[in-house]
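Please find below my comments on the structure, set out as numbered points. They concern a pocket, a sheet and the aromatic contacts.

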Amino acid sequence: MGFPMNAQAQAQAQAQAQTPAFGLQEGDGATLDTTPPAPAQATSAPARTAPALVLAAPRNVGVGQPFLVRLTSDLPLESVSVHWQGREVVPSISVWNNRHVALAMLGTDVLTERPGKKEELVVIASVDGRESSLRRTVRITPEDYPRQELTLPEKMVTPPKDVHARIAAEGERTTAAKNTVSAVRLWRLPLERPVQGKILSVYGAQRILNGKPKNPHRGLDFRSPMGNPVKCVADGKVILVGDHYYAGNSVYVDHGNGVVSMYFHLSEPTVKEGDEVKRGQTVGLTGMTGRATGPHLHFSLSVLGDLVDPASLFKTTADNMLQ
């Protein structure tokens, strides 16, 4: 049997119900610039052809969207490296149906990428002592992301000067975590959905806070009640757990080959750094820590340091993405 709430509790509950769950991440503050430096040019070996190699990669990719690259060989792949926008990943090699396969996830970031550019994808492979370089030109196409206008207390939008050093230090740690590229791929598609709630705010939304344009939203906000278990989207290793100014209690999980998942605004993490976690395992409980107006989960996915739109990865397979 329940007990009636007093007038103060009723007012707090009503205010929370009327306020959309919302969280701020790094770069939403008016005084901070988190734009990463321009990537260095990729270098590769001279182009050589190999009849046994088949490269599957898209010709066009939307701004902020992830994509897959797959190299297939009839002969054993001795080594494979994938070069994209000045970064390199050495993908795991597996054997399927008597063929040798290397699969990598790449993408672009809505914060730093612009449509209309043409980027060169280079895959370097060694088969039977012979090195080959396969190249593909990928065009970056526009995406129709929505506009989101919000009115918030000014103290939520502009951090005071006395926390700038904290924010900068946290940014160094989180940037290092997002750029983790480990040797063994542990992720598979589709990813596990971290919570079952409705998506409240999509990736790429241009945020107008108190009338001022801010950085686009670089993740998904899920509706999730306070204390709800948050599931890990794939097997991996916990590489960062912290209480951060914008994101609150946060967990970063490395899934291998440059893919890192992030879970923000948790009421509490349930894992610690160094833990090996399984797909579907609870990594924390939903909360509203950091700069959040209500309980929800902010989920982001980093691919070689770029935060990409993870929405499609919860409902598609690798084969479908490569068609």
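1. Helices (at least four residues) and strands (at least two) are taken here as DSSP runs, numbered from the N terminus. The model is a predicted one. On that numbering, strand E3 (66-73), strand E6 (93-96), strand E7 (99-107) and helix H4 (318-322) each contribute at least two residues to the lining of the second largest pocket.

2. The second largest pocket encloses about 390 Å³ of space. It is lined by 14 residues, of which Arg70, Trp96, Val101, Ala318 and Asp319 are the closest to its centre. The lining comprises seven nonpolar, two polar and five charged residues.

3. Three strands form an open sheet in the order E10-E12-E13, with mixed pairing. Its edges are strand E10 (147-150) and strand E13 (212-213), each of which pairs on one side only. Strand E12 (residues 206-209) pairs with E13 in the antiparallel sense over two bridges, and leucine 209 stands opposite lysine 212 in E13.

4. There are seven aromatic pairs in the structure. In one of them, tyrosine 145 and tyrosine 203 meet edge-to-face, 5.8 Å centre to centre, with 70 degrees between the planes. These tyrosines are 58 residues apart, in the loop between strand E9 (130-141) and E10 and in the loop between strand E11 (199-201) and E12, respectively. Both tyrosine 145 and tyrosine 203 are buried.

5. The pair of phenylalanine 299 and phenylalanine 314 is tilted, because the planes stand at 55 degrees, with ring centres 5.7 Å apart. Ring pairs join Phe222, Tyr263, Phe299 and Phe314 into a cluster.

Note on methods
Residues numbered from 1 in each chain as written. Predicted model: local features only at pLDDT ≥ 70, side-chain atom pairs only at ≥ 80, totals over all residues. Heavy atoms only, no water. 1 Å grid on protein atoms, 1.4 Å probe; cavity = no way out; pocket = protein on both sides within 12 Å on 5 of 7 lines; lining within 4 Å. Points joined across faces, edges and corners; volume = space filled by probe spheres on them. Nonpolar A, V, L, I, M, F, W, Y, C, P; charged D, E, K, R; others polar. Pairing = 2+ DSSP bridges. Phe/Tyr/Trp six-rings, centres within 6.5 Å; stacked < 30°, edge-to-face > 60°. Buried < 20%, exposed > 50% of the residue type's maximum accessible area, 1.4 Å probe, protein only.
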